Amino acid sequence: MPADSTQIHNIGYRHYDGQRLGRAYATRSLFSQSLRGAYGLGRSAKSKVLPMILFGVMCAPALIMVAVAVATKANDLPVDYTRYAIILQAVFSLYLAAQAPQTVSRDLRFKTVPLYFSRPIERVDYVRAKYAALASALFILTAVPLLVLYVGALLAKLDFADQTKGFAQGLVSVALLSVLFAGIALLISAVTPRRGLGIAAVIAVLTIPYGAVSTVQAIAHEQGSGGAIGWLGLFSPITLMDGVQTAFLGATSAFPGKEGPSTGLGVVYVLVVLALIAGSYAGLLRRYRKAGL
Amino acid sequence: MTVIATESLSMRFPRVTALDRLSMDIGPGVTGLVGANGAGKSTLIKILLGLSPATEGRAAVLGLDVATEGGRIRERVGYMPEHDCLPPDVSATEFVVHMARMSGLPPAAARERTADTLRHVGLYEERYRPIGGYSTGMKQRVKLAQALVHDPQLVFLDEPTNGLDPVGRDEMLALIRRVHTDFGISVLVTSHLLGELERTCDHVVVIDGGKLLRSSSTTDFTQTTATLAVEVTDSDEHPDGTAALRAALQGRGVATQDDGGGLPGAGHTVLLEAAGEETYDLVRDVVADLGLGLVRMEQRRHHIAEVFRTADNAAADNAETGGPGENQRAAQGEPDGQVSERAAAWAATAAAAEKTGGGRDAR
């Protein structure tokens, strides 16, 4: 009956009797939304450009190395798994500077935060979801090239046990790096609702200490005070990571003269890293205590 | 059934007392919360959402204690903030779906409810466009939609008509009314414009300086009276049409009064008691005989503002006689002390706002 099929019914307001999944589900939803957002998914085409380019730039050297290793039948990969992220630090720093403000300061700038806190999720859930999302995004960015290297190494029939060990060490290293850097970058961007300022501040904090520490380390190396190099490394996030993986993850240090920290000093490095992570998390919680309604 | 109940609820900050032993019960329906800026409206909403603990006293929303069951309250309550809260680079649909999921709705239900809710608040094709390009009226609708998307039992609307033009304001008020009548959701709406609440609310609560000034149903405030308000034009023959009409009505044995209320058109409005149908005919005939134009003839209702005018005068008197300060008066337990001078000033501006509000009185 055609007359029936063309009728428009005004069904009026319908109540919702379905499930309400509560806090944990909302936190997971916020996590996945933020993680997707960190790669521009679910957002405008324009916001996909930068993260995708950086992702490509991050993976390209790995692909080239693999191609070279396979073609030349080399005995080893040109770069250690643990060194890869350190070499490409500029790329992931840029990624963090772009995406950390995107992850948190949008909600602050457009005052969307009160809408979250007027719902079942709590302050802690919000901070955890955002932190986990950015750390995961950074982990994807730094771990995928390692995976490329590993798969390539196996294709080039390099020693399986050796490569697997290196790959595992690399994964642990980038996981720690992701959590540390995501925390620092998030805290900096949560302090300022202005996105441009956040970008500049994140770049500054990630690069300036590294430049300063490297310079002073080089001077110390020239003057033969090698003992100071290890201690100096504590003062920038990247040299911190370098020190941790040199001491515990079998990496070759990028410090001048390859004078990475000893195991004893390595413990200090790990403690500083953990303190920074805990501090960033506590700082974020504190930041959102006042960002309520 | 009580939707919101507070019991000597106090909120003290180091320098300010935002709420001072506020006790009230609010039932289902549309309730207006009136107060000047800084009267404690936002603080009250924050406490009722279980987001900040009160210094003293208790409050319950939908029978749940705000101090211990904030999470469960927030699951069943919607909140529309006063300020802008929408990111400009996403569409209304995406934004509201996300907010629905934040309220705990599964993905499929979130999408379905979003489509429904946006339709109910009057957003159609534009909901797929980024919010940045919306008008203020459309943004207010999105804000309302995100508060309703999880089908709450109660919504808090903080100044929902802020920044809207008269037409947008009317539409928003009608929408708020529908939230209760059609959707069956109770509403607590804040405003500093009495005229608005008069039109939408079943019940009005007035707070000032964190204290309850008055709580009663809107009909108590604005009972329809038998008073008839008549406004006429002037003519060459009668340069003062109002006076001429008054004199002519006096001649027919009908007592008239000035509109001394200071409300719109005061001085040009003749008030008289309508005895029945024939009074209307009489006025019509008298006006026609005088050759004047009849601008309007309507049943007068009391306005909420009038309730405050008495308070206004009382406070002004206090100020003139150099009465003791507010705090002292309160300490002495004098009931008049409830009305601060700030309230008086505000009532005056509220009345003024109503005058300029136009249109509203010409109903």
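Which helix of chain B does B:Arg141 lie in? That's my opener for today, and the answer is helix H5 of chain B. One thing before we go on: what you see above is a predicted model.

Let's stay with B:Arg141 for a moment. Is this arginine buried or exposed? B:Arg141 has a relative accessibility of 17%, so it counts as buried, because the cut-off for buried is under 20%. Leaving out residues up to four places away in sequence, B:Arg141 touches B:Val121, B:Gly122, B:Leu123, B:Glu171 and B:Met172. Try clicking on those five in the viewer.

Okay, now the other chain. Chain A has twelve helices and zero strands. If you walk along chain A from the N terminus, each element you meet is α, right through to the end. Chain A has 293 residues, and 49% of them count as buried. Here's another way to look at the fold. Take the contacts in chain A between residues at least 6 apart in sequence: 76% of those join residues at least 24 apart. As for the outside, chain A exposes about 13400 Å², with 66% of that supplied by carbon and sulfur atoms.

So much for chain A by itself. How do the two chains meet? Chain B puts 41 residues into the contact, and chain A puts in 32. The area buried between them is about 3400 Å², and carbon and sulfur atoms give 54% of that. Then come the polar parts: there are 23 residue pairs in polar contact between chain B and chain A, counting pairs where both residues are at pLDDT 80 or more. Which elements of chain B give two or more residues to the side that touches chain A? They are helix H2 (70-76), helix H3 (92-102), helix H4 (107-120) and helix H5 (136-148). H4(B) gives the most, with seven residues. And if you sort that side of chain B by class, you get 20 nonpolar, eight polar and 13 charged residues.

Let me zoom in on one of those helices, H3 of chain B. It's mostly covered: eight of its eleven residues are buried. Among them are B:Phe95, B:Val96, B:Val97 and B:Met99. What do the buried residues of H3(B) pack against? On the chain A side, they pack against helix H2 (22-38) and helix H6 (113-117), and within chain B against H4 and H5. Just after the helix, look for B:Gly104, which follows H3(B) and has a positive phi, near 100 degrees.

Now, salt bridges. The general idea is that side chains of opposite charge can pair when their charged atoms come close. Over all chains, the whole structure has 20 salt bridges. Let's start with one inside chain A, between A:Lys130 and A:Asp107, where the closest N and O atoms are 3.5 Å apart. A:Lys130 sits in helix H7 (residues 123-155) and A:Asp107 in helix H5 (residues 89-109), so this pair ties together parts of chain A that are 23 residues apart in sequence. Both A:Lys130 and A:Asp107 are buried.

How many salt bridges are there between chain B and chain A? The count is four. One of them joins B:Arg74 and A:Glu122, at 3.0 Å from N to O. That pair runs from helix H2 of chain B across to the loop between H6 and H7 of chain A. The two partners are covered to different degrees: B:Arg74 is buried, with a relative accessible area of 3%, whereas A:Glu122 counts as partly exposed, at 31%. Another salt bridge links A:Arg14 with B:Glu112, at 4.0 Å from N to O.

Last stop, back inside chain B. B:Asp20 and B:Arg12 form a salt bridge, with their closest N and O atoms 3.7 Å apart. B:Asp20 is buried, with a relative accessible area of 12%, while B:Arg12 is partly exposed, at 36%. And which residues are linked with these two in a network of salt bridges? The others are B:Arg21, B:Glu56 and B:Lys211.

That's my tour, so over to you for questions.

Definitions and conventions
Residues are numbered from 1 along each chain as its sequence is written. Chains are lettered from A and ligands numbered from 1 in the order in which they are written. This is a predicted model: local features need pLDDT of at least 70, side-chain atom pairs count only at pLDDT 80 or more; totals for chains, interfaces and linings use all residues. Side-chain values use heavy atoms; hydrogens and water are left out. Contact means heavy atoms within 4.5 Å. Buried area is the accessible area (1.4 Å probe) that two parts lose on being put together, summed over both. A salt bridge is a side-chain nitrogen of Lys or Arg within 4 Å of a carboxyl oxygen of Asp or Glu. A polar contact is a pair of N or O atoms within 3.5 Å; within protein, one must be able to donate a hydrogen and the other to accept it, and residues adjacent in sequence count only if both atoms are side-chain atoms. Helices (H or I, at least four residues) and strands (E, at least two) are DSSP runs, numbered from the N terminus. Ala, Val, Leu, Ile, Met, Phe, Trp, Tyr, Cys and Pro count as nonpolar, Asp, Glu, Lys and Arg as charged, and the others, Gly among them, as polar. Buried means under 20% relative accessible area, exposed over 50%, partly exposed in between (1.4 Å probe, protein chains only). Accessible areas come from the Shrake-Rupley method with a 1.4 Å probe; for residues, only the protein chains shown count as cover.
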